[in-house]
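Here are a few warm-up exercises for getting to know a new structure. Have a look at the picture, try each task yourself, then read the solution.

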Amino acid sequence: MNKRHLLRALALAASSLWLAGTASAQDFPPKKPVTLVVGFAAGGAADAAARLIAKKLGENIGQSVVVDNKGGAGGNIAHQFVANAAPDGSVLLFGSVGPLTIAPHLMKLPYDPFKDLAPVSGGVNFPNVLVVHKAAGAKTLAEFIQLSKRKPGSVDFASTGAGSASHLAGELFNQRAGVDMTHVPYKGGAPALQDLLGERITSYFAAPPTAMPHVETGKLIPLATTGLTRPAYLPNIPTVAESGFPGFEALNWYAFVAPGKTPAPLLDRWNAEIVKVLNDAGVKEALTKHGLTPQPTTRAELTAFMKKESNQWAAIIKERKLTAD
């Protein structure tokens, strides 16, 4: 073989290897197990929604999708894990409002949500519901505010971690109501709720799916929801906005993202599959029963939404001079 033929053979071999690598990187569904990472402990709203969606997703693609709970640091541990994961389409994250659009303005993170994570599709959204244990001494939002003002600093509120949606809902309430509740962060909704039921904390801006069963048994008292309007599944609970604080809104949401360097064709395929699941009648009904509103989007729509949310919370954090401490 002369030099010319040798160079040509080497070029063809290199091209074949590149094409094979590209095809392998864009296999769908991935040949390796698929993992959906959740940044909070099992038993909370994020976990419930993720497992419901993962089950249907697995059925549709013919391969199981395993939910992996990596709680801690308000969800940031899970987000960092996925930011560093292999960008081969085998790892997705049920990302949340806190780590994606709030935490970056509160603390120095080892990842950039807009560079190290790639938007795939919206997931679900819902308002939080402010609940207190029955011994707290408040049955209405007005009574709760009076209690907080009467004993400054003695009333506390739980959250799923510093920089989480429930944290910022509480801080926004502090600002608008002129109170000074103490923030108590947890690793997820389940442990926060456990301490509330045990009367070790006073209040919690909780996800409706986890709080309402205990409201129905009389163990917790609902004071208000954090959306602009009353959700259809909680028609008898007033909003903070209608209770004397017009414009108050602090929605909780989850969205699907992937490692930042995941190839666009894989992101597009996952978007199509996730949107299909979120539009499924059975899934929509199940999510709605849990108090969750499906929010399927295009990748571009999710990017725009995240930027809008990030700007909004950045302004509030700056105004309140909040830190992660």
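**Exercise 1: the chain as a whole**

What percentage of the 325 residues in the chain do buried residues make up?

Before we start, a word on the ground rules. This is a predicted model, where local features need pLDDT of at least 70, side-chain atom pairs count only at pLDDT 80 or more, and totals for chains, interfaces and linings use all residues. Residues are numbered from 1 along each chain as its sequence is written, and side-chain values use heavy atoms, with hydrogens and water left out.

Solution. Step 1: buried means under 20% relative accessible area, exposed over 50%, and partly exposed in between, with a 1.4 Å probe and protein chains only. Step 2: by that rule, 52% of the 325 residues are buried. Step 3: for the outside, the chain exposes about 14500 Å², and carbon and sulfur atoms supply 55% of that (areas by the Shrake-Rupley method with a 1.4 Å probe). Step 4: for the overall extent, the C-alpha atoms fill a box of roughly 90 × 40 × 30 Å along the principal axes.

**Exercise 2: the sheet of 6 strands**

Find the strand order in the open sheet of 6 strands, then see which helix packs on it.

Solution. Step 1: count the elements; the chain has 11 helices and 11 strands (DSSP runs numbered from the N terminus: helices are H or I with at least four residues, strands are E with at least two). Step 2: the order reads β2-β1-β3-β10-β4-β11, with mixed pairing (two strands pair if DSSP finds at least two bridges between them). Step 3: β2 (65-69) and β11 (293-294) are the edge strands, each pairing on one side only. Step 4: β1 (residues 34-38) runs parallel to β2, joined by 5 bridges, and Val-34 has Val-65 in β2 as its bridge partner. Step 5: helix α3 (residues 76-83) packs on this sheet and touches β1, β3, β4 (117-127) and β10, where contact means heavy atoms within 4.5 Å. The direction of α3 makes about 145° with that of β3 (axes are lines fitted to C-alpha atoms, for helices over the stretch in contact, and angles run from 0 to 180 degrees between N-to-C directions).

**Exercise 3: the sheet of 5 strands**

Now do likewise for the open sheet of 5 strands.

Solution. Step 1: its order is β7-β6-β8-β5-β9, again with mixed pairing. Step 2: the edges are β7 (182-185) and β9 (220-225). Step 3: the twist averages 30° from one strand to the next. Step 4: β5 (residues 129-133) pairs with β9 in the antiparallel sense over 5 bridges, and Leu-130 meets Ala-224 of β9 as its bridge partner. Step 5: helix α6 (residues 165-177) packs on the sheet, touching β6 (156-159), β7 and β8 (203-206).

**Exercise 4: aromatic rings**

How are the planes of Phe-94 and Tyr-254 arranged, stacked or edge-to-face?

Solution. Step 1: rings of Phe, Tyr and Trp (its six-membered ring) pair if their centres lie within 6.5 Å; planes under 30 degrees apart count as stacked, over 60 as edge-to-face and the rest as tilted. Step 2: the count comes to 11 aromatic pairs. Step 3: Phe-94 and Tyr-254 are stacked, at 5.2 Å centre to centre with 10° between the planes. Step 4: Phe-94 sits in β3 (residues 91-96) and Tyr-254 in β10 (residues 251-259), 160 residues apart. Step 5: Phe-94 counts as buried because its relative accessibility is 1%, and Tyr-254 is buried too, at 7%.
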